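Colleague: I have a structure open and would like to learn how to read its helix packing and its empty spaces. Could you take me through them?

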Amino acid sequence: MVSESGAPVSAVVDYKTLKAGGFMRQREAGLFAMRLHVVGGHLTAAQLARVAEVSTRYGRGDVHLTARQGVEIPYVPLESLKDAQAELEAAGLSMGACGPRVRTVTACQGASVCSHGVVETAAAATEIDARYYGRQMPHKFKFTLTGCINNCMKVQENDIGLMGVVEPQWVDDACDRCGICVAVCRSGALTEADDGIDIDRADCNNCGDCVASCPTDAWTAGRSGWQVWVGGKMGRVPMFARPLPGIVCSEDELFAVTEAVCSFYKRHGKPRERLGTTIERLGWDLLVKEVTNGD
């Protein structure tokens, strides 16, 4: 067998190991797409330039942006993978993961960039990646982070989705009864009353719009943090994640919850069974019990 470049290709190729290391076998014999490890969709301009250089030198000058903020360089011959990888690593770019393990951590730009963001996402995504990326699981496992309830990252479609939320707090003395907060509240949680503004906490989705829109700071940000969604997936049989009760505010609490969810999946998940299917088989109540009680 020869590759497209005309160089000989070994008849014995460990495609499974290559795929696990981010080298995706293409339809054309001897060619691979190199999947890069990208955290939260962030690359530097210098790294982007290196991707372009490697694609031009070893591939066909094409770059594919994946649905999960990843970058792939297709049409790279088998015998060029090692050299291409070395050039990418020199720019701080490593290979992506595939198979039954934690995949790329995706994230929106969060409060540091987006005017709607109520929490920062970049640092949390980096920490989650450092703790979990590449960890062995019963099947593929996906994290995502979205900075507000606009939900650009679709938390319901991931094994663990983190949504930024904020609990609004009322300061009666600062309110001039302008009614702006009631007008902007899309969940209908706020109503005007004789003695001020009433909030129905059951209807409040903790979006923070009342806080952002209040001209007198009568609404202020109370607790802010993450609503944790668990068990989502897409694919051939989509399944929406469900939110765990409460808001996770501290980093220690966040990683206690994510670790508990991952441990639940490691203990109970069957090979090639996604987390959502494991939960469906065993029951949501068992997951909540083990995550909240540590049993």
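Modeller: Gladly! Let us begin with a term we will need: contact between two helices means heavy atoms within 4.5 Å. Please keep in mind that this is a predicted model.

Colleague: Then which residues of α7 and α9 meet by that rule?

Modeller: From α7 come Val 257, Ala 260, Val 261, Phe 264, Arg 267 and His 268, and from α9 come Leu 286, Leu 287, Glu 290 and Val 291. By class, this contact divides into seven nonpolar residues, one polar and two charged.

Colleague: How should I describe the way two helices pack?

Modeller: Two packed helices are described by the angle between their axes and the distance between the axes. Here α7 and α9, the latter spanning residues 284-293, pack at about 130° with axes 9 Å apart.

Colleague: What does that angle make α7 and α9 to each other, parallel or oblique?

Modeller: Angles over 145 degrees count as roughly antiparallel and 65 to 115 as roughly perpendicular, so a value between those ranges is oblique. α7 and α9 are therefore oblique to each other. The crossing of α7 past α9 is right-handed.

Colleague: Helix α7 has another partner, α4. At what angle do α4 and α7 pack?

Modeller: Helix α4 (residues 122-132) and helix α7 (residues 251-268) make an angle of about 40°, and their axes lie 12 Å apart. Angles under 35 degrees would count as roughly parallel, and α4 and α7 are therefore oblique. Here too you can note the handedness: α4 passes α7 in a right-handed crossing.

Colleague: Which residues of α4 and α7 meet?

Modeller: On the α4 side, look for Glu 127, Ile 128, Arg 131 and Tyr 132; on the α7 side, for Glu 251, Phe 255, Thr 258, Glu 259 and Cys 262. Sorted by class, the contact of α4 with α7 has four nonpolar, one polar and four charged residues.

Colleague: What about α2 and α3: at what angle do their axes cross?

Modeller: The axes of α2 (residues 45-58) and α3 (residues 81-90) come within 10 Å and cross at roughly 165°. With the cut-off for roughly antiparallel being over 145 degrees, α2 and α3 are therefore roughly antiparallel to each other. The crossing of α2 past α3 is right-handed. Arg 50, Val 51, Val 54, Arg 57 and Tyr 58 of α2 touch Asp 83, Ala 84, Glu 87, Leu 88 and Ala 90 of α3. In this contact, six residues are nonpolar, four are charged and none is polar.

Colleague: Now the empty spaces. How many cavities of 30 Å³ or more are there?

Modeller: A cavity is space where a 1.4 Å probe fits but cannot get out. The count comes to two of 30 Å³ or more. The largest has a volume of about 80 Å³. Its lining has 14 residues, with Cys 185, Leu 190, Cys 204, Cys 207 and Cys 210 nearest the centre. That lining has nine nonpolar, four polar and one charged residue.

Colleague: And how much space lies in the second largest cavity?

Modeller: The second largest cavity holds about 70 Å³. Among the residues lining the second largest cavity are Trp 170, Cys 175, Cys 178, Cys 181, Cys 214 and Trp 219. By class, its lining has eight nonpolar, two polar and two charged residues.

Colleague: Finally, how much space lies in the largest pocket?

Modeller: A pocket is an open space, unlike a cavity; the largest one holds about 600 Å³. It is lined by 26 residues, and Lys 19, Arg 35, Cys 98, Gly 99 and Arg 103 are closest to the centre. The elements giving two or more residues to this lining are α1 (15-20) and β4 (71-77). The largest share, three residues, belongs to α1. The lining of the largest pocket has 10 nonpolar, six polar and 10 charged residues.

Terms used:
Residues numbered from 1 in each chain as written. Predicted model: local features only at pLDDT ≥ 70, side-chain atom pairs only at ≥ 80, totals over all residues. Heavy atoms only, no water. 1 Å grid on protein atoms, 1.4 Å probe; cavity = no way out; pocket = protein on both sides within 12 Å on 5 of 7 lines; lining within 4 Å. Points joined across faces, edges and corners; volume = space filled by probe spheres on them. Nonpolar A, V, L, I, M, F, W, Y, C, P; charged D, E, K, R; others polar. Helix = DSSP H or I, 4+ residues; strand = E, 2+ residues; numbered from the N terminus. Axes fitted to C-alpha atoms, helices over the stretch in contact; angles between N-to-C directions. Left-handed = near helix turned anticlockwise from the far one by under 90°.
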